[in-house]
Amino acid sequence: MPIVVQKYGGSSVADVEKLGKVARRVKEKRDSGYQVVVVVSAMGDTTDELLALAKGVSADPPRRELDMLLTCGERISMALLSMALQEHGVPAISFTGSQSGIITNDAHAQARIVEVRPYRIQEELANGKVVIVAGYQGVSFKKEVTTLGRGGSDTTAVALAAALEAEACEIYSDVDGVFSADPRVVPDARKLEALSYDEMQELASAGAKVLNAQAVEWAKARGITILARTAHGQGTGTAVQELAVPTDSRIKGVTADAEMAVLVAGPDVALEELLEFLDARAVRGRTLAHDGLPGAPGRTFLAVPLADVHGPEALQRELATRFGPAVEWRDGWGTVTCVGVGLNADWVPLRKALAAAEGLSARVHAVSTSPLQVTLLVDKSHLKPLTARLHRELLGT
């Protein structure tokens, strides 16, 4: 029997009623002739609630203990869904990330999967059971519990699909696939039937919430097609895969990211020293602009996603102690990013992006471009109107 891996996000398993709906969907898939592995996130806002508890104890919680705490959320979901399936007459068993063979490096709070040993999953599938796996977590070679960062359940699902040679990896959420913009910001945003791995990874890295960037990276490396679908109803969703021929539009989407701080390093700061400082604290980031040259250093604008920075206040204090006023912390800025293959084949998208910002009187603090994206760094107050205007200018709606 073919294997399918399904992943359900926190909103899809937020309460007992929704867990029952997921159980019925899983049963339907199994009854249609598939062996099913289900990856679940924590219920609703459980992760945020656990993080708030940790913050009540410590402004900068130790990463190891934070991982021990936050992995509880997925364990609740997996056990309840297994119970719900058994109530529907479906034999099921739940496993943690470590029991499932998800082996990671030892970077607490932002671990990366290095190997998957799904032996127990294979045994239970052979016994006719549905296997429920706690997403977002694994175990390091040092036998420490680790978490994969926000959205890490997507990565769990893709990694398991690859290891199990699954026929499909289905990622379920509240929306039917990937849209050209956030429909809450741009009501006329259109659903994309297909996206390349590179386009999806750029969108995810730039703030789109439908899929996790590391999951897409894993899928690309192993040729796994991801099907992003709605957990409510029977929509067609979006396929994320290798596209042999270009689709009809070189610009696929516009997305914004407000969940960041921007570090502005002056010309006297050695970039290597700053990056070493951030690496030592497992703080990710992407350079938006660097106007220096060898022998003539300039300013660097470095965006730091805050989703996995669990002690931003402590990080600010350490930065001030280490670098003083030479590194500024700006938390009032965000990014708007346009994504598409060949987007920068000419200057038209960048010109339109700059004109749109000017039309809104939005100051552009920095610009970053690549063959796949154009990013503007602006004040957070301009993110939504600029996203809507760029979508209209570049995609015609």
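The exercises below, each with a worked solution, concern a predicted model.

**Exercise 1.** Determine whether Ile251 is buried or exposed, and find which residues it touches.

*Solution.* Begin with the location: Ile251 belongs to the loop between strand E14 (238-241) and E15. Next, compare its relative accessibility of 7% with the cut-off, which is under 20% for a buried residue, so that Ile251 counts as buried. Then list its partners, leaving out residues up to four places away in sequence: Ile251 touches Val339, Gly340, Leu343, Pro349, Leu394 and Leu395. Finally, take one of these partners, Pro349, which is 98 residues apart from Ile251 along the chain, while the C-alpha atoms of the two are separated by 8.8 Å.

**Exercise 2.** Work out how strand E15 (residues 253-257) is enclosed, and in which sense, parallel or antiparallel, E15 and strand E20 pair.

*Solution.* Start with burial: four of the five residues of E15 are buried, and the strand is therefore largely enclosed by the rest of the structure. Turn then to the pairing, in which E15 and E20 (residues 333-339) run in the antiparallel sense over five bridges. As a detail of this pairing, Gly253 stands opposite Val339 in E20. Val339 also appears in the previous exercise, among the residues that Ile251 touches.

**Exercise 3.** Identify the residues with the most contacts inside the largest nonpolar core, and describe the surroundings of Val37.

*Solution.* The largest nonpolar core has 43 residues, and those with the most contacts inside it are Val5, Val37, Ile121, Val158, Leu160 and Met200. For Val37, set aside the neighbours within four places in sequence; the contacts that remain are with Ile3, Val4, Val5, Gln6, Ile121, Leu125, Val131, Val133, Leu160 and Leu164. Apart from this core lies another, of 26 residues, which includes Val22, Met43, Ala92 and Ala168.

**Exercise 4.** Examine the phi angles of Ala109 and Tyr136, and decide whether each residue is buried or exposed.

*Solution.* Recall first that most residues other than glycine have a negative phi. Ala109, in the loop between strand E4 (102-104) and strand E5 (113-116), has a positive phi near 80°, and it counts as buried at 3% relative accessibility. Tyr136, in the loop between strand E6 (130-134) and strand E7 (137-140), has a positive phi of about 75°, and with a relative accessible area of 5% it is buried.

**Exercise 5.** Find which residues form a nonpolar patch on the surface, and place Ile76.

*Solution.* The patch is formed by Ile76, Leu80 and Met83, which together have about 260 Å² of accessible area. Ile76 is found in helix H4 (residues 72-87), and its relative accessible area of 44% makes it partly exposed.

Conventions:
Residues numbered from 1 in each chain as written. Predicted model: local features only at pLDDT ≥ 70, side-chain atom pairs only at ≥ 80, totals over all residues. Heavy atoms only, no water. Patch = residues over 30% accessible without salt bridge, like charges linked within 9 Å, V, L, I, M, F, W, Y side chains within 5 Å. Areas by Shrake-Rupley, 256 points an atom, 1.4 Å probe, with all protein chains shown as cover. Salt bridge = Lys/Arg side-chain N within 4 Å of Asp/Glu carboxyl O. Helix = DSSP H or I, 4+ residues; strand = E, 2+ residues; numbered from the N terminus. Buried < 20%, exposed > 50% of the residue type's maximum accessible area, 1.4 Å probe, protein only. Pairing = 2+ DSSP bridges. Core = buried A, V, L, I, M, F, W, Y, C linked by side-chain atoms within 4.5 Å. Contact = heavy atoms within 4.5 Å.
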